[in-house]
Amino acid sequence: MDAVVLSRLLTAMTLAFHIIFATIGVALPVMFMIAEGLGLYKKDPRHIAMAKRWAKGFTITVAVGVVTGTIIGLLLSLLWPTFMKLGGQVIALPLFMETFAFFFEAIFLSIYLYTWDRFKNKWLHWLINFPIIIGSTMSALFITSVNSFMNTPQGFKIVHGKMTGVDPIAAMLNPSFFVRAFHVVATGGMTIAFMLASIAAVKILRNKFPQDRDYHTHGLKITITVGLLFGLLTIIAGDMSAKFLHNEQPEKLAAMEWHFKTERQADLVLFGILDPKTQEVKGAVKVPGVLSFLADNNFNTKVTGLDDIPKDERPPLIIHYFFDLMVFFGMFAFTISIVYLVLRKFKPAITEHPFMLYMIALTGPMCMLSIEFGWFLAEMGRQPWLLRGYLKVVQGATQADGLSLVLVAFAMLYAILGFSCAYVLIRMFRDKPAEFDVKQNQAFVGGE
Amino acid sequence: MDYQHIGITVLWTFLYGYIIIGAIDFGAGFFMLYAKITKQDHMISSLVSRYLNPVWEVTNVFLVFFFVGIVGFFPDTAYYFGSTLLIPGTVALILLAIRGGFYAFETYGKDSKFAWIFLYGMTGLLIPAAFSTVLTISEGGFIEKTDKGVMLNWLELLMSPYSWAVVFLAIISVLYISSGFLTYYAHKAGDTAAYRLMRQWFLIWAGPMLIICQFVFLSLRQHNAQHFNTALTHYWWLFALSIVFFLAALILILLKRNHGLAFIMIMIQFALAFFGYGLSKLPYILYPYVNINKAVVNDNMAIALVIVFILGLLLLVPSLLLLLRLFIFDADYVKGNKK
């Protein structure tokens with residue numbers, strides 16, 4: 001295989017692995033902030049135990065997040081030196097700010113984890129959540145800004161092959177930044193909420209410690225409510241993304257919707273299989289006019305088709321499948337959350353039915369897959385560009401020897417890290433009932 | 001000062017910060033492994049983990065800060081170092097990942113495994129060795145510019161006495177700095193057994209430390225005469241002062257006095273040598289391809305980076321001080337009276 005393919009594979013593999021932990025890192029602090037706050041407010045040791053258990057699990061995932069984040073940070077220069085040389089002139093600012101945000105988060109996370117019993121006024125400890133969340137959100141925003149710059153570059157001019165007139169702020173606040181940042185944060189919150197709901201559902205189904213049932217159903221209520229709220233935001237963000245793509249990156253929208261001809265009243269294509277040779281779509285559900293409507297809130301809007309895009313600038317058509325799966329999995333979790341909350345209000349008994357619990361157990365992994373598919377869609381949808389309109393992927397890769405060896409080494413590393421991380425996390429909570437933690441924290445909230 | 005000098009000063013300072021706290025961390029891991037093998041771990045393991053638990057993540061950020069910053073201020077470095085460092089970079093990254101991951105698994109997880117401590121301890125010595133390649137390469141002579149791009153001449157690198165001297169310097173410095181800090185920390189904790197052990201280790205490593213520095217100097221003369229001459233003619237006093245501080249630290253610890261001051265002496269010793277090395281190397285980041293006067297990022301970006309850097313420090317310094325106050329300088333915490 002040549003260097004470009006290997007570099008792409010290695011980058012994709014690293015990011016796909018890192019994004020799991022990055023997503024957890026962005027939103028899990030929000031979850032334990034909510035739990036700790038509720039616990040202090042209601043003087044309920046169950047919530048405090050919940051916050052502590054989540055924070056404890058977080059220490060493991062954050063470690064893997066830190067090391068994989070370090071890896072991707074350096075790999076960018078190692079695999080794409082030409083791009084980083086060019087990018088360094090323009091995107092250094094958000095990259096640099098991301099490190100600051102990460103630094104800030106790391107400091108306060110350390111303080112948070114080791115000072116549960118340091119403060120007389122427990123709300124002081126709760127306040128430490130703020131710098132953590134500010135740090136983690138900011139670092140997500142800045143790094144998203146770097147990625148959106150690659151999709152919609154602006155803030156510089158190219159004169160005789162050299163970059164001039166660089167405007168760092170304009171590059172950072174490029175057209176796709178806000179939409180993508182919102183999408184990233186909303187889906188992050190949604191995914192974590194449902195991951196935690198899945199864990200609670202599995203624990204109830206397993207029923208290893210029957211005395212924990214109350215703790216876990218309580219957890220379900222909190223996590224699913226939060227999941228629903230972030231789910232709503234995600235839907236809004238998704239709609240904004242469609243409109244954005246229509247205006248700024250029509251080739252991505254066309255490829256992900258298999259929209260070949262530029263036309264008004266464009267159909268939305270759901271599912272289906274494409275015959276790559278004849279460009280015939282089989283078994284798809286076509287919803288007339290909806291693509292136009294999604295793009296611009298108007299059924300008569302003209303949507304650019306692939307035939308208007310030069311052949312060597314068309315993204316791969318496989319991204320349609322990622323789009324379908326992303327939307328389907330996300331909507332599944334969202335629907336389940338509504339069903340659960342409605343049932344809880346009117347027919348609480350059914351919420352404890354194993355079928356319902358199995359469905360909830362599916363939501364977390366599905367949301368995580370949605371995140372992966374969403375990123376595959378976003379990144380492959382920008383092919384063949386590395387820096388859209390300026391630098392093609394083919395021109396950016398390193399020429400160094402030994403890439404295949406490096407690829408194998410990293411693949412092994414991620415397998416080992418992923419396996420050990422799961423092993424440690426499962427062992428951490430397998431033999432320890434939540435009830436025990438709840439009792440331990442009775443004094444914490446000042447209860448009996 | 002112009003942007004490139006502000007930039008390189010900032011980055012060099014952060015690299016120095018990483019070397020000090022990274023060395024404490026790397027060395028602590030190795031001492032823990034060594035103590036475990038020689039069955040002395042009951043003496044130091046709680047001491048070491050009390051220090052490491054709250055700070056290991058922050059240590060890592062210093063490194064990230066450095067390599068993001070250098071690409072930001074001097075984008076050309078991304079091209080030259082990026083193209084040539086694929087293998088050493090990969091080795092360092094994998095070791096770093098194993099170390100960070102297994103440290104967390106060992107510390108926060110439920111069960112402890114010897115294999116994990118082993119990985120954690122051994123990587124502590126190998127990572128500095130892998131990273132020191134960057135410093136070696138930056139002296140020039142190992143990189144060739146061809147039509148295909150820039151290439152690293154491996155054979156040359158592996159055969160060079162200079163590159164080996166730097167590798168050993170990195171490893172010995174780690175053990176030296178780390179034992180110096182832990183001597184101070186154990187003394188502060190009032191942990192006599194650990195103190196005795198750490199002091200002994202410190203005294204053992206002080207000798208090789210002095211010797212390897214001379215080797216590095218001598219081999220640099222062979223490898224990059226220009227750099228060596230600048231160091232000798234303009235900055236000899238920095239290196240001389242560095243030796244004075246080395247002796248001061250050694251004497252204080254021999255006399256079992258002022259351990260805090262002794263560690264500060266060690267820090268100054270390294271600062272003087274490190275900045276002396278850096279100053280004499282200027283204006284080259286990578287000899288002879290990357291010259292800071294030519295490779296600096298465009299002006300607008302440089303201003304933005306400097307502004308962000310100042311704002312960032314206003315945020316970071318108080319936070320770091322808070323972290324230190326809560327864990328390193330809190331006597332009760334150090335003694336283990338607080339969890």
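Let me start with salt bridges between chain B and chain A, where the count is zero, and I should say at once that we are looking at a predicted model. Polar contacts across the interface of chain B and chain A come to one residue pair, with both residues at pLDDT 80 or more.

What, then, does the side of chain B that touches chain A consist of? Its residues divide into 46 nonpolar, 15 polar and nine charged, and among the elements that give two or more residues to this side are α2 (41-73) and α13 (299-327) of chain B. The element that gives the most is α2(B), with 17 residues.

Turning to the contact as a whole, 70 residues come from chain B and 65 residues from chain A, and the two chains bury about 6,100 Å² between them, with 77% of that area on carbon and sulfur atoms. On the side of chain B, the residues that lose the most area to chain A are Glu57(B), Leu86(B) and Leu93(B), which together make up 11% of what that side buries.

Now I would like to move to a single residue, Thr14(A), which you will find in helix α1 of chain A, a helix that covers residues 3-42. Is Thr14(A) buried or exposed? Thr14(A) is buried, because its relative accessible area is 1%, and the cut-off for that word is under 20%. Its side chain reaches the backbone oxygen of Leu10(A) at 2.8 Å, and, if we leave aside neighbours within four places in sequence, Thr14(A) is in contact with Ile71(A), Ile72(A), Leu75(A) and Tyr414(A).

How values were computed
Residues are numbered from 1 along each chain as its sequence is written. Chains are lettered from A and ligands numbered from 1 in the order in which they are written. Side-chain values use heavy atoms; hydrogens and water are left out. Helices (H or I, at least four residues) and strands (E, at least two) are DSSP runs, numbered from the N terminus. Buried means under 20% relative accessible area, exposed over 50%, partly exposed in between (1.4 Å probe, protein chains only). A polar contact is a pair of N or O atoms within 3.5 Å; within protein, one must be able to donate a hydrogen and the other to accept it, and residues adjacent in sequence count only if both atoms are side-chain atoms. Contact means heavy atoms within 4.5 Å. Buried area is the accessible area (1.4 Å probe) that two parts lose on being put together, summed over both. A salt bridge is a side-chain nitrogen of Lys or Arg within 4 Å of a carboxyl oxygen of Asp or Glu. Ala, Val, Leu, Ile, Met, Phe, Trp, Tyr, Cys and Pro count as nonpolar, Asp, Glu, Lys and Arg as charged, and the others, Gly among them, as polar.
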